[in-house]
Amino acid sequence: MIYFTSDIHFSDDETMIHDDRPFKNIKKYDRYTIRLWNKIMGKDDTLYVIGDLLDCNSPKSVVWKKSLPYFKKIKAKIILIMGNNEYRIMEHYFDNNFEKFKKFLINLGISDVKKEEYLSFGGFDFYLTHKPIDYKKGYINLVGHLHRSRG
């Protein structure tokens, strides 16, 4: 089975507060998310995270490093589509080198890291990108990034 999500922001207290995520603290949110994923998904499933699995708000941010041990705990294969936070991590900590950052994450248990993705299944063509502004005409666009927008 294939699953999709975005904007997890593991280990980030600020996102949990701003998004009104109903947990006492970020560790409980992180543990709950991993436990839920492992209950729903197994080793033969694929989870596309359409950006911002990690969190990095500034060049000095190290919140993202707290999440790194989580990846080996998740049963499903994770394919990460780069989000704005991953791009910041790549810029600040990996000399803006995509291949270096990708290799780092794969060594930690992520199955693959991509800047974008095109998928076809069930007779439909999909385009996965983090920011809605980067949509592609003629595709069903799966995006993230707007988790704080209010209707």
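Start with helix H4 and select Asn84, Asn85, Glu86, Ile89 and Met90: these residues of H4 are buried. Keep in mind that you're looking at a predicted model. What do the buried residues of H4 pack against? Bring up helix H3 (63-66), strand S3 (77-81) and H5, and you have their packing partners. As for the spacing, an α-helix has 3.6 residues a turn, so residues three or four places apart point the same way.

Now step just past the end of H4 and click on Asp95, which takes a positive phi of about 50°. Worth a pause, since most residues other than glycine have a negative phi. Two other aspartates with positive phi come up later on the tour, Asp20 and Asp52.

**The aromatic stop**

Stay in this region and select Trp64, Tyr93, Phe94, Phe101 and Phe104, which form one aromatic cluster. A search of the whole structure turns up 14 aromatic pairs. Zoom in on one of them: the ring centres of Phe94 and Phe104 are 4.9 Å apart, with the planes at 50°. Is that pair stacked, edge-to-face or tilted? Stacked needs planes under 30 degrees apart and edge-to-face needs over 60, so at 50° the pair is tilted.

Trace the backbone between the two rings. Phe94 sits in the loop between helix H4 (84-93) and helix H5 (98-107), while Phe104 is in helix H5, ten residues apart. Switch on a surface and compare their exposure. Phe94 counts as buried because its relative accessibility is 7%, below the 20% limit. Phe104, at 28%, counts as partly exposed.

Next, select Phe98 and Lys115 together. Lys115 lies over the face of Phe98, at 5.0 Å from the ring centre.

**Salt bridges, buried and exposed**

Time to colour by charge. Side chains of opposite charge can pair when their charged atoms come close. How many salt bridges does a search of the whole structure find? The search gives six, and a few of them are good places to click.

Go to Glu117 and Lys114, whose closest N and O atoms are 2.8 Å apart in a salt bridge. Glu117 is buried, with a relative accessible area of 11%, whereas Lys114 is partly exposed at 22%. Now add Lys102 and Asp112 to the selection: salt bridges that share partners join Lys102, Asp112, Lys114 and Glu117 into one network.

Jump to Asp19 and Arg21 for another salt bridge, with the closest N and O atoms 3.1 Å apart. Are these two residues buried or exposed? Asp19 is buried, with a relative accessible area of 15%, and Arg21 is buried as well, at 16%.

For a contrast in exposure, pick Lys43 and Asp44. Their salt bridge has its closest N and O atoms 3.7 Å apart. Lys43 counts as exposed at 62% relative accessibility, and Asp44 is exposed too, with a relative accessible area of 58%.

**Back to the positive phi values**

Asp20 is your next selection. Where is Asp20 found? Look in the loop between helix H1 (13-18) and helix H2 (26-40). Its phi is near 55°, a positive value in a residue other than glycine. Asp20 counts as exposed, at 56% relative accessibility.

Then move to Asp52, in the loop between strand S2 (46-50) and H3. Asp52 has a positive phi of about 60° although it is not a glycine. Check the surface again here: Asp52 is buried, with a relative accessible area of 2%.

**A long hop and a last patch**

Set up a distance monitor between the C-alpha atoms of Glu14 and Asn107. These residues are 93 residues apart in sequence and 28 Å apart in space. Glu14 is found in helix H1 and is partly exposed, with a relative accessible area of 47%.

Finish on the outside with Ile2, Phe4 and Phe121, which form a nonpolar patch on the surface. Together they show about 230 Å² of accessible area. Phe121 belongs to strand S5 (residues 117-121), and Phe121 is partly exposed, with a relative accessible area of 34%.

Terms used:
Residues are numbered from 1 along each chain as its sequence is written. This is a predicted model: local features need pLDDT of at least 70, side-chain atom pairs count only at pLDDT 80 or more; totals for chains, interfaces and linings use all residues. Side-chain values use heavy atoms; hydrogens and water are left out. Patches are made of residues with over 30% relative accessible area and no salt bridge: like charges are joined within 9 Å, nonpolar side chains (Val, Leu, Ile, Met, Phe, Trp, Tyr) within 5 Å. Accessible areas come from the Shrake-Rupley method with a 1.4 Å probe; for residues, only the protein chains shown count as cover. A salt bridge is a side-chain nitrogen of Lys or Arg within 4 Å of a carboxyl oxygen of Asp or Glu. Helices (H or I, at least four residues) and strands (E, at least two) are DSSP runs, numbered from the N terminus. Buried means under 20% relative accessible area, exposed over 50%, partly exposed in between (1.4 Å probe, protein chains only). Rings of Phe, Tyr and Trp (its six-membered ring) pair if their centres lie within 6.5 Å; planes under 30 degrees apart count as stacked, over 60 as edge-to-face and the rest as tilted. A charge sits over a ring if NZ of Lys or CZ of Arg is within 6 Å of the ring centre and within 35 degrees of the ring normal. Contact means heavy atoms within 4.5 Å.
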